[in-house]
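Please work through the exercises below with the sequence and the structure at hand, trying each task before you read its solution.

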Amino acid sequence: MDGRIGTLAPQVMRRARIREGQPFPLGATWDGTGVNFALFSAHATKVELCLFDEAGNQELERIELPEYSDEVWHGYLPDARPGTIYGYRVHGPYEPLAGHRFNPNKLLLDPYAHTVVGDLTWAPEVFGYKLESGDDLTFDTRDSARLMPKCRVIDPAFTWGRDRSPDVPWDRTIIYEAHVKGFTQRHPDLPESIRGTYAGMASPEAIAYLRGLGITSVELLPVHTFINDDFLLQKGLTNYWGYNTISFFSPARRYARSPGNATPEFKEMVARMHEAGLEVILDVVYNHTAEGNERGPTLSFKGIDNASYYRLLPDKPRYYINDTGTGNTVNLSHPRVLQMVTDSLRYWATEMRVDGFRFDLATILGREPYGFDEGGGFLDSCRQDPVLSRVKLLAEPWDCGPGGYQVGGFPPGWAEWNDRYRDTVRAFWRGDEGQAAELATRLTGSGDKFNRRGRKPWASVNFVTAHDGFTLNDLVSYDHKHNDANGEGNRDGHSHNLSWNHGAEGRTSDAAVTTLRERQKRNMLAMLLLSQGTPMILGGDEIGRTQNGNNNTYCQDNELNWLDWPGIDESGEALAAFTRKMIALRQSFPVLRRSRFFTGEWNEAIGVRDVAWLTPAGQPMEPTHWQDPGTRCFGMLLDGRAQTSGIRRPAADATLLIVANAHHDAVPFSLPEAMDGRHWLMLVDTNRPELNEPESFDLRHSYLVTGRSLLLFVLIPDQESNAILAAAHSALLAGMEPPPMPGDDIDDHPLARRTADWHVGNHVTSFQPPSADGKIATRPRSRTAASIKRAWQRLMRREPPQS
């Protein structure tokens, strides 16, 4: 005996009953009395279902699936139950030159497996060819079963109770990109048993923080079952981000408190987040798999039907098209492969109840053999599907293939990561020349990219940082990447980061440098949350998380990636408070999240210009100003009267003024006159993060804008302005302390008492603006007091304001 499972007849311990079964649904489906097994393969000659003991170590039986219908092999086992451990062996031609790599000596994962158990052990046996020869045309006869993870049949039953999706409107959406393990692994208030797990993300402590921050949607880095790359394991590293999927239907067991219960634990996490009003968005990787190129292992798709599942070179099908840069590209032009991906998405949207998906290298999903097509099979499938067309769909609109950069090229209904926004905001605050005109376009929703076919500003997912690259703290602390810990000689990761260390590389005790860095963080966070579009915050940026200058931490499952909750210092707490304040301000003023693109054109019907651009003198920007490479300070006036829909009528939103100064020196800025305006109320000055009380300034007042800082003002009109003042003050207070959790007494919350004290202390019940002599007029009215209370309660529950 050679010790390899499945090679000797005596290991077959029993003979299961088998029936014909059905070719649908694909995968292993428990119907209450037995399990139906169905596997697509267009080129196989025989498929064997392999059953294993409960530990997944010993192969008990191989059962040939008896039927072949419409290229689907299928059979029904009336004696199988949830918990059954299985895999496949698929017979067919081993002809790499023709694109076929069948090898029944290799145990294969079911593409539709809902649970994967065990881990891959890297060894020559998991390759379809003789690895030692280096020649993928050779055929390896060694059995891989003892080294392979296996599939397990599940009972999908789960008690969801009254769970329902928060269904956050796009214009209210604020995304927080996080990693299940990284967010919870070092949280001191969590029991060690749930740190780094779905249960940790579902904990009251984690949810209280997320909800208190004010975000609406948590975008989780990949949680589909993925493989740790061999070359990383050999260096003592691992695949941390998870962009190496091998199973599109199973949640990664590495994030489960009990590895055998990953699916119910994931569902529990979703239910708890929904209960708190938080959406769950999954980062998904359907563009490639962990099987690599022709020299990669045979784990699933390659051995089931290589020529169908992957895009192969038309004239040399031995080789893979590598538009992903990872060795292979999933072939979504094949109808069965397209079905698998859409089935997977529907499974996660319905059975697992997630609220949306962010698609890694999404251009590949829209690429047909002739190139990218926004009317391609996959994109059309999503648009017409009754389930997928109703969830949030976000694209990373680029890959490394021909015509791979497609920002703005996706069809209606999709949102897209906007790297043009990222790069422009970084360059502007770094002080680069010639950024003003480009920045104006990015601040108004990137209409040059998205204003077509009825798409809305929310289609632009604005971000300054993401998992791939510097954190916000490192963006202002390093001129260069420092990726030596990855073991690749610092050659990995992007070198074009548009970062600036402000005078010292990395950590420093220089107070002046530290002060400027903190202000720059506030500048970019504030601009992100004041821009039209959908903002996305990288998890940990709001507390100053650092990766020590590493901008490619994909392989670092350690303190470099885990949020350092115990190490949050005073500056981190202050930045978190500032972030809460900015999010509350965004949600309080609808003009910051319009569903129409700002154009700056004069609207004759209502006599309003939706956005006006101002020089520091308070005058309209002229072409010469935009063309001047030295323009680094300007104002953006958002008129709250601009129409909000196709109906030509004025709105009644607040009018806001945003002033951005990327000059190194202070610039006097003349606050403009505005129609029906009495004075300006300053809500934000990034040079004064401690500002928690609105400050009033006359029209035409010359405000000295500190070098490298951002300001936000709201116009107080002549008529009563209780709604504007209530929204402004409540939003500022929200930065001081997180709002209550569901079930808390809102009226007894500390912020409620502070708000009441402010109202009483200022004798404001109708919120009239100060008179000319600076005194605040009062006109007590019970109706106003009630409206204040309702507005406060809506804000604390993160509900939309009432018009």
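**Exercise 1. Find which ring the charged end of R254 sits over, and which residue lies over the face of W170.**

Solution. In this predicted model, begin at R254 and follow its side chain to the charged end, which sits over the ring of F226 at 3.8 Å from the ring centre. Then turn to W170, where K392 lies over the face, at 5.1 Å from the ring centre. The cut-off for such a contact is that NZ of Lys or CZ of Arg is within 6 Å of the ring centre and within 35 degrees of the ring normal.

**Exercise 2. Decide how the rings of Y176 and F183 are arranged towards each other.**

Solution. A pair of aromatic rings is described by the distance of the centres and the angle of the planes. A search of the whole structure gives 45 aromatic pairs. For Y176 and F183, the ring centres are 6.0 Å apart and the planes stand at 85°, so this pair is edge-to-face; the class requires planes over 60 degrees apart. As a last step, look at the surroundings of Y176 and F183, both of which are buried.

**Exercise 3. Describe how strand 16 (residues 279-284) is covered, and which strands pair with it.**

Solution. Start with burial: six of the six residues of strand 16 are buried, so that the strand is mostly covered. Next, sort the side chains by direction, with E279, I281 and D283 pointing one way and V280, L282 and V284 the other way, and all of them buried. Then look for the partners of the strand. Strand 13 (residues 217-220) runs parallel to strand 16 and is joined to it by four bridges, and within this pairing L220 stands opposite L282. Strand 19 (residues 356-359) also pairs with strand 16 in the parallel sense, over four bridges, and here F359 is the bridge partner of V284.

**Exercise 4. State how much space lies in the second largest pocket, and which helix gives the most to its lining.**

Solution. The space in the second largest pocket comes to about 1,300 Å³. Its lining is made up of 45 residues, of which W241, T324, T326, D468 and N552 are the closest to the centre of the pocket. To find the helix, turn to helix 9 (residues 419-430), which gives the most to this lining, with four residues.

**Exercise 5. Find how many disulfides the whole structure holds, and whether C382 and C555 are buried or exposed.**

Solution. A disulfide is a covalent bond between the sulfur atoms of two cysteines. The search of the whole structure finds zero disulfides. C382 is buried, with a relative accessible area of 1%, and C555 is likewise buried, with a relative accessible area of 1%.

Note on methods
Residues numbered from 1 in each chain as written. Predicted model: local features only at pLDDT ≥ 70, side-chain atom pairs only at ≥ 80, totals over all residues. Heavy atoms only, no water. Disulfide = S-S within 2.5 Å. Buried < 20%, exposed > 50% of the residue type's maximum accessible area, 1.4 Å probe, protein only. Phe/Tyr/Trp six-rings, centres within 6.5 Å; stacked < 30°, edge-to-face > 60°. Helix = DSSP H or I, 4+ residues; strand = E, 2+ residues; numbered from the N terminus. Pairing = 2+ DSSP bridges. 1 Å grid on protein atoms, 1.4 Å probe; cavity = no way out; pocket = protein on both sides within 12 Å on 5 of 7 lines; lining within 4 Å. Points joined across faces, edges and corners; volume = space filled by probe spheres on them.
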